[in-house]
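Visitor: I have a chain open in the viewer and would like to walk through it with you. Could you take me around?

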Amino acid sequence: MRLLIRVLLVFFVISALLSIVRGLFTPSTAKRREARSTPALGGKLIKDPVCGTYVAESTALQSGENYFCSEDCRQKFIAG
Ligand SMILES: [Zn+2]
C-alpha cells in the first residue's frame, strides 16, 4: 500500500510541475497576442493591395476584405 501511495505522490508532483512549466510558457504567448492587438497610433494599418500604401483602417476605403487608400485604387482593384 505504501508503494502505491508513493507512486501516486510522484504522479501528482510530476503533473504539478508540468502545469507550472505550462504556466511559464502561457504568459509569454499572451503578451505576444497583446502586443499584436495593440493599435499603432490609434489605428490599425492595412496595406493597400493596389499601390502598397499603408492606410489606417478607420480612414481606408473598404471593398470586401480589402482596404484602399483612395477610390482610384479601389476601382483599379475591382477592374482587376
Ligand atoms: Zn492606393
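Guide: Gladly, and one term comes before the rest: a residue counts as buried when its relative accessible area is under 20%, as exposed when that area is over 50%, and as partly exposed in between. Please keep in mind that this is a predicted model.

Visitor: OK, so how much of the chain counts as buried?
Guide: Of the 80 residues of the protein chain, 10% fall into the buried class. The accessible surface of the chain comes to about 7000 Å², and 63% of that surface belongs to carbon and sulfur atoms.

Visitor: And which elements does the chain have, in what order?
Guide: The secondary structure comprises 2 helices and 4 strands, and from the N terminus on the elements run α-β-β-β-β-α. As for contacts between residues at least 6 apart in sequence, 9% of them join residues at least 24 apart.

Visitor: Let's go to the metal. What coordinates the zinc ion?
Guide: The zinc ion is held by the OD donor of D48 together with the SG atoms of C51, C69 and C73, at distances of 2.1 to 2.2 Å. The angles among the 4 donor atoms are 96 to 118°, and the site is tetrahedral.

Visitor: How are those donor residues spaced in sequence?
Guide: The spacing reads D-x2-C-x17-C-x3-C. The pair D48 and C73 links distant parts of the chain, since D48 sits in the loop between β1 (45–47) and β2 (54–56) while C73, 25 residues apart from D48, belongs to helix α2 (residues 71–79).

Visitor: Are the donors buried or exposed? Take D48, C73 and C51.
Guide: D48 has a relative accessibility of 0% and therefore counts as buried, and C73 is buried as well, with a relative accessible area of 6%. C51 is partly exposed, because its relative accessible area is 41%.

Visitor: With cysteines around, how many disulfides are there?
Guide: The count comes to 0 disulfides. A disulfide is a covalent bond between the sulfur atoms of two cysteines.

Visitor: Back to that loop between β1 and β2. Where is P49, and what does P49 touch?
Guide: P49 lies in the loop between β1 and β2, and, leaving out residues up to four places away in sequence, P49 touches N66, Y67, F68 and F77. The C-alpha atoms of P49 and F68 are separated by 7.2 Å, although the two residues are 19 residues apart along the chain. P49 is classed as partly exposed, because its relative accessible area is 43%.

Visitor: Change of topic: how many aromatic pairs are there?
Guide: There are 2 aromatic pairs by count. One of them joins F11 and F12 edge-to-face, with 5.9 Å centre to centre and 70° between the planes. F11 is exposed, because its relative accessible area is 54%, and F12, at 52% relative accessibility, also counts as exposed.

Visitor: And what about F68 and F77?
Guide: F68 and F77 form an aromatic pair that is tilted, at 5.1 Å centre to centre with 50° between the planes. F68 has a relative accessible area of 0% and is therefore buried, whereas F77, at 37% relative accessibility, counts as partly exposed.

Visitor: So which residues of this pair does P49 touch?
Guide: P49 touches F68 and F77, which are among its listed contacts.

Key
Residues numbered from 1 in each chain as written. Predicted model: local features only at pLDDT ≥ 70, side-chain atom pairs only at ≥ 80, totals over all residues. Heavy atoms only, no water. Donors = N, O, S within 2.8 Å, 3.2 Å for Na, K, Ca; no water. Tetrahedral: all angles 85-135°; square planar, octahedral: opposite > 155°, others 65-115°. Buried < 20%, exposed > 50% of the residue type's maximum accessible area, 1.4 Å probe, protein only. Phe/Tyr/Trp six-rings, centres within 6.5 Å; stacked < 30°, edge-to-face > 60°. Contact = heavy atoms within 4.5 Å. Areas by Shrake-Rupley, 256 points an atom, 1.4 Å probe, with all protein chains shown as cover. Disulfide = S-S within 2.5 Å.
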